[in-house]
Amino acid sequence: LKMLRTARQIATQRPVRVSTSFLGAHAVPKGANADTYIDDVCIPALKTAHAEGLVDMVDGFCEGIAFDVAQMTRVFDAAKALGLPIKLHAEQLSNIGGTQLAARYNALSADHVEYASEADAAALAKSNTVAVLLPGAFYTLHETQKPPVAAFRAHSVPMALATDWNPGSSPLGSLLLSMNMGCTLFGLTPAEALAGTTRHAAAALGLTDSGTLAAGKRADLAIWNVATPAELSYGIGINPLHTRIFAGQAT
């Protein structure tokens, strides 16, 4: 709750748009029972956060070291009752059915998805759920299982790219480096990396007014000092930003 309140405050202090996700179902506290935690802590905290206007969407970690499908289903049912959209950390370390769960709830996104299958890709396509690729976590954890990019392409699953910036498994603060890693580690094309950090990223956040340059959409954009868009995925440790526009104003 403290973090969500802080996130809301950041949007009033800086020229940045903040979308919040309630990630109460991320880890089981040491010594706690997962089912008891979901029912007595996570869901009541979600209801409190929603009542305070702090939540834009609900996320969770569906994994063997976190919460199973049945437990996440209870969280998602609570989110649905509150009218909140769904996201899910799914198939990062193994395949226990998280991607299929996300698809059943028409989730905005399924994130990580290294262990997703061909059937999972088909399910995401049917639900129009974005597959969010997080190469920073893949790199930091020395993972070897790559997300099924070919299957996502074959089923026309939109693929977003993000930093997953966190101190535990992805201390990656550069979106441009995430684009580079998406190409070099996962085999994305530069065009896919650009789409993954613009229109597909916006879709993964449910931001229908952002992600592309079009009349009537928000004027939040970056102007880059590059000759071709592919250069954004090429450089390592380079930031060719010329001007940043937020709400129509240079910042």
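Student: Which residues does His112 touch, not counting residues up to four places away in sequence?

Tutor: This is a predicted model, in which local features need pLDDT of at least 70 and side-chain atom pairs count only at pLDDT 80 or more, while totals for chains, interfaces and linings use all residues. Residues are numbered from 1 along each chain as its sequence is written, and side-chain values use heavy atoms, with hydrogens and water left out. Contact means heavy atoms within 4.5 Å. With sequence neighbours up to four places away set aside, His112 touches His89, Ala90, Gln92, Val132, Leu134, Ala137, Pro147 and Asp164.

Student: Is His112 buried or exposed?

Tutor: His112 belongs to strand β4 (residues 109-112); helices (H or I, at least four residues) and strands (E, at least two) are DSSP runs numbered from the N terminus. A residue is buried under 20% relative accessible area, exposed over 50% and partly exposed in between, with a 1.4 Å probe and protein chains only. The relative accessible area of His112 is 2%, so His112 is buried.

Student: How many bridges join strand β3 to β4?

Tutor: Two strands pair if DSSP finds at least two bridges between them. One opposed couple is Lys87 and Ser109, the latter in β4. β3 (residues 87-90) and β4 run parallel, and the number of bridges joining them is 4.

Student: Which residues of β3 are buried on its two faces?

Tutor: On its other partner, β2, the residue Phe61 stands opposite His89 of β3, and 2 bridges join these parallel strands. Both faces of β3 are covered. The buried residues are Lys87 and His89 on one side, and on the other Leu88 and Ala90.

Student: Which strands stand at the edges of the open sheet of 6 strands?

Tutor: The strand order of this sheet is β1-β2-β3-β4-β5-β6, with parallel pairing. An edge strand here has a single partner, so one of its sides is left without a neighbour in the sheet. The two strands in that position are β1 (21-25) and β6 (159-161).

Student: What is the average twist from one strand to the next in that sheet?

Tutor: Axes are lines fitted to C-alpha atoms, for helices over the stretch in contact, and angles between N-to-C directions run from 0 to 180 degrees. From one strand to the next, the twist averages 25 degrees.

Student: What angle does helix α3 make with β2?

Tutor: Two helices may be considered together here. Helix α2 lies across β1 and β2 (57-62), and runs at about 165 degrees to β1. Helix α3 (residues 69-81) also packs on the sheet, touching β1, β2 and β3; the angle between its direction and that of β2 is about 175 degrees.

Student: Which members of the largest nonpolar core touch the most other members?

Tutor: A nonpolar core is a set of buried Ala, Val, Leu, Ile, Met, Phe, Trp, Tyr and Cys residues joined through side-chain atoms within 4.5 Å. In soluble globular proteins, nonpolar side chains tend to be buried together. The largest core here has 51 residues, and the members touching the most others are Val58, Met72, Leu133 and Phe152.

Student: Which helix gives the most residues to this core?

Tutor: The largest contribution from a helix is 7 residues. It comes from the element spanning residues 34-51, helix α2.

Student: Which residues are in contact with Val58, leaving aside neighbours within four places in sequence?

Tutor: Val58 is one of the core members that touch the most others. Beyond four places in sequence, its contacts are Phe22, Leu46, Val75, Phe76, Ala79, Leu84, Pro85, Ile86 and Lys87.

Student: Which strands are the edge strands of the antiparallel sheet?

Tutor: This open sheet has 3 strands in the order β7-β8-β9. Each edge strand pairs on one side only, and the two are β7 (221-224) and β9 (249-250).

Student: Which residues is Asp209 in contact with, leaving aside neighbours within four places in sequence?

Tutor: Asp209 lies in the loop between α10 (199-204) and β7. Its relative accessibility is 26%, so Asp209 counts as partly exposed. Its contacts beyond four places in sequence are Arg17, Lys217 and Arg218.

Student: What is the radius of gyration of the protein?

Tutor: The protein's secondary structure comprises 11 helices and 9 strands. The radius of gyration is taken over C-alpha atoms, and the globule rule is 2.2 Å times the number of residues to the power 0.38. For 251 residues the rule gives 18 Å, and the value of the model is close to it, so the protein is as compact as a globular protein of that length. The radius of gyration is 18 Å.
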